[in-house]
Amino acid sequence: MEKYLLFATSSELVRIPASAMVCVTADGNYSTITTADGSDYTLTLQLGQVERRIAECLCDGDGRFIRIGKSLIINREFIIHLNIGRQRIVLSDCRSFRRDVSASKEALKALRELIEKEAI
């Protein structure tokens, strides 16, 4: 059964299937959730609050979401390309959706090592 992520503020409620959430980007007290259909939902939640909510909604063993640096959470199932030199991650379903996001070189190096270890 599909698990849903639920984000609520005083004026909004966003309910997203976990498999459809691609990434969350932060800008101060705001977080923007991007879904696989290309929709963006901006909420008045800090990234740490979103991160905690994801952990509450999903069982602890579900490691598909990973925080990258101070301003990004990604669904690792959508990672198709890392470019450390250009500080870019390409997230895509390889069909109809593509989103480029940026991250620090250090964060991308750590992500690359994690992905390579999992492939072994």
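How many bridges join S8 to S9? In this predicted model, S8 and S9 run antiparallel and are joined by four bridges, and within this pairing His81 has Val90 of S9 as its bridge partner. Both strands belong to an open sheet of three strands, in which the order is S8-S9-S10 and the pairing is antiparallel. The edges of this sheet are formed by S8 and by strand S10 (98-102), each of which pairs on one side only, and the twist from one strand to the next averages 20°. Strands of a sheet pair through backbone hydrogen bonds, in either a parallel or an antiparallel manner.

Helix H2 comprises 15 residues (residues 105-119), for which a span of 21 Å is expected at 1.5 Å a residue; the C-alpha atoms at its ends are 21 Å apart, and the two values therefore agree. Ala107, Leu108 and Leu111 of H2 are buried, and because these residues cover an arc of only 95° around the axis, they lie on the same side of H2. An α-helix has 3.6 residues a turn, so residues three or four places apart point the same way. The exposed residues Glu106 and Lys117, by contrast, are carried on the face of H2 that is turned away from its buried side.

With respect to the sheet, H2 lies across S8 and S9 and runs at about 135° to S8. The packing partners of the buried residues of H2 are strand S8 (79-83) and strand S9 (88-92), together with strand S6 (65-68) and strand S7 (72-75).

Notes. Residues are numbered from 1 along each chain as its sequence is written. This is a predicted model: local features need pLDDT of at least 70, side-chain atom pairs count only at pLDDT 80 or more; totals for chains, interfaces and linings use all residues. Side-chain values use heavy atoms; hydrogens and water are left out. Helices (H or I, at least four residues) and strands (E, at least two) are DSSP runs, numbered from the N terminus. The expected span of a helix is 1.5 Å times one less than its number of residues. Buried means under 20% relative accessible area, exposed over 50%, partly exposed in between (1.4 Å probe, protein chains only). The arc is that of the directions from the helix axis to the C-beta atoms. Contact means heavy atoms within 4.5 Å. Two strands pair if DSSP finds at least two bridges between them. Axes are lines fitted to C-alpha atoms, for helices over the stretch in contact, and angles run from 0 to 180 degrees between N-to-C directions.
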